[in-house]
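Thanks for making time this morning. I would like to walk you through one model, slowly, beginning in the middle of its sheet and working outwards.

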Amino acid sequence: MTDPILSVEGVTKTYKGGVTALQPVDLEIRRGEIFALLGPNGAGKTTLISIVCGIVTPSAGAIRVDGHDALRDYKGARRKIGLVPQELSVDMFERVIDTVNFSRGLFGRAPNPAYVEQVLRDLSLWDKRHAKLMELSGGMKRRVLIAKALSHEPDLLFLDEPTAGVDVELRRDMWKLVHRLRERGVTIILTTHYIEEAEEMADRVGVIAKGKLLLVEEKAEMMKKLGKREMVLTLAEPMATIPAELAEWNLTLEDEGKRLRYIFDARAERTGIPSLLRKLGDLDIGFNDLETYKSSLEDIFVDLVEGTRA
Ligand SMILES: Nc1ncnc2c1ncn2[C@@H]1O[C@H](COP(=O)(O)OP(=O)(O)OP(=O)(O)O)[C@@H](O)[C@H]1O
C-alpha cells in the first residue's frame, strides 16, 4: 500500500495488573477510507485508539500518523488526529462556539471562523452556537464532541462508538455526516459493536476480539469470501423429525416442523442443493416455497469471534 495515513506495527498492550488488551497488532489505514473496527466489549478497540492518539503508552510496537512517529513526535502526530471519545467530558456551562474554538486553540491553530462555522453548520449546530452545553439534548452534545474533534482540521478522525445509545434518527444522521466528512477528504476510523453500522458505513472492516485483529478485509470482499448462504424450504406437510436419509445436509427443522433450513458455504464448488432437492423428491417430501438468503456480516462476525474461543 502506498503511503498509508496510519500505520500500526506490532503494537501490544499489557496493562499494569497483567491484562493483555492487545496482542501484536499490525494495521494500515488508507487515505480517505472509512474503516470500521468491529469487536465485542473488551476486545481492545478503545485501547488501540488510545494508543494511536497518545493517551495510552503501548508495551511495544510503532505507530506512524501521516509520516509522524507517534511515540517520538507525539505533537506532530496528534495534530493530524481528531478524536471523538465515548464519554462526554465537557464543561456544561460553556457555550458551543467557545468550546469548539477552545479545542482548536489547544492544537495551536490560528482562529479560522469560516472553518469553524462550516463544521458547526455541517453538524446542524450553527443555530445553537450560543447555547450552553447543558441546554442541549444528548444527541446535540454528541455533535459538539464531533465539532471539537474536527476543530483543528484533522486528516484522520477517530469515532469511538459514535452511536452507542443514540436513537435511530441520530444514528442515521451520524452516518450521513461520516460520509460527508469523507467527501471532504477526512479519513475515518470508527469502533463499533453494531454490525449494522460497519455494514452500512465502512469501506473496510477489521474484526478484533480478545486483543487480536482477526481479519481485515474490504467489506464487500469479506461478505463474499466468508459468506454463507441459507436455503429455507416451506414444507407442504409438517415433518416430525428429519429423515435419516437427509443427515448429510445437516438440516434444521423449524417452526413446528413446517420449515427446513439448509446452511451452505457459498464458496464451496458443490453446494449440495441439487442433490438435496433430488433426495427430497425421492422421499416424496413436497414444499410450497423455497427462499435463499445471504448471511449478514453479523453471522460472519459471530463465526469469527466464536472461533477465538479455546
Ligand atoms: N486502564 C486499564 N487498566 C487495566 N485494564 C484495562 C484498562 N483499560 C482497559 N483495560 C482492559 O483491557 C481490555 C480491552 O479493553 P478496551 O476498553 O480496549 O476494549 P473495547 O474493545 O474498547 O471495549 P468496549 O467496546 O467495551 O469499549 C479489557 O479487558 C479491559 O478490561
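Strand β3 is mostly covered, with five of its five residues buried, where buried means that 20 or more other C-beta atoms, placed from the backbone, lie within 10 Å of the residue's own. The covering applies to both faces of β3, since Ile34, Ala36 and Leu38 on one side are buried, and so are Phe35 and Leu37 on the other. Before going further, I should say that this is a predicted model, in which local features need pLDDT of at least 70 and side-chain atom pairs count only at pLDDT 80 or more, while totals for chains, interfaces and linings use all residues. Residues are numbered from 1 along each chain as its sequence is written.

Which strands, then, does β3 pair with? On one hand, five bridges join β3, residues 34–38, to the parallel strand β8, residues 187–192; strands here are DSSP runs of E of at least two residues, helices are runs of H or I of at least four, and both are numbered from the N terminus. Two strands count as paired if DSSP finds at least two bridges between them. Within this pairing, Ile34 stands opposite Ile188, and Leu38 stands opposite Thr192. On the other hand, four bridges join β3 to β9, residues 204–209, again running parallel, and here the bridge partner of Ala36 is Val205.

Stepping back to the whole sheet, it is open, has six strands with mixed pairing, and follows the order β6-β7-β8-β3-β9-β10. Because β6 (81–84) and β10 (212–218) stand at the edges, each with a single partner strand, one side of each is left without a neighbour in the sheet. From one strand to the next the twist averages 15 degrees, with angles taken from 0 to 180 degrees between N-to-C directions of axes fitted to C-alpha atoms, for helices over the stretch in contact.

Helix α5, residues 138–150, packs on this sheet, touching β6 and β7, and its direction makes about 165 degrees with that of β6; contact requires C-beta atoms, placed from the backbone, within 7 Å. Helix α6, residues 168–183, lies across β3, β7 and β8, at about 155 degrees to β8.

Finally, the ligand is surrounded by residues including Tyr15, Asn41, Lys45 and Thr46, a residue being counted if its C-beta atom, placed from the backbone, lies within 6 Å. The largest share of that shell, three residues, comes from helix α1, residues 45–52.

Note on methods
Contact = placed C-beta atoms within 7 Å. Buried ≥ 20, exposed ≤ 12 C-beta atoms within 10 Å, placed from the backbone.
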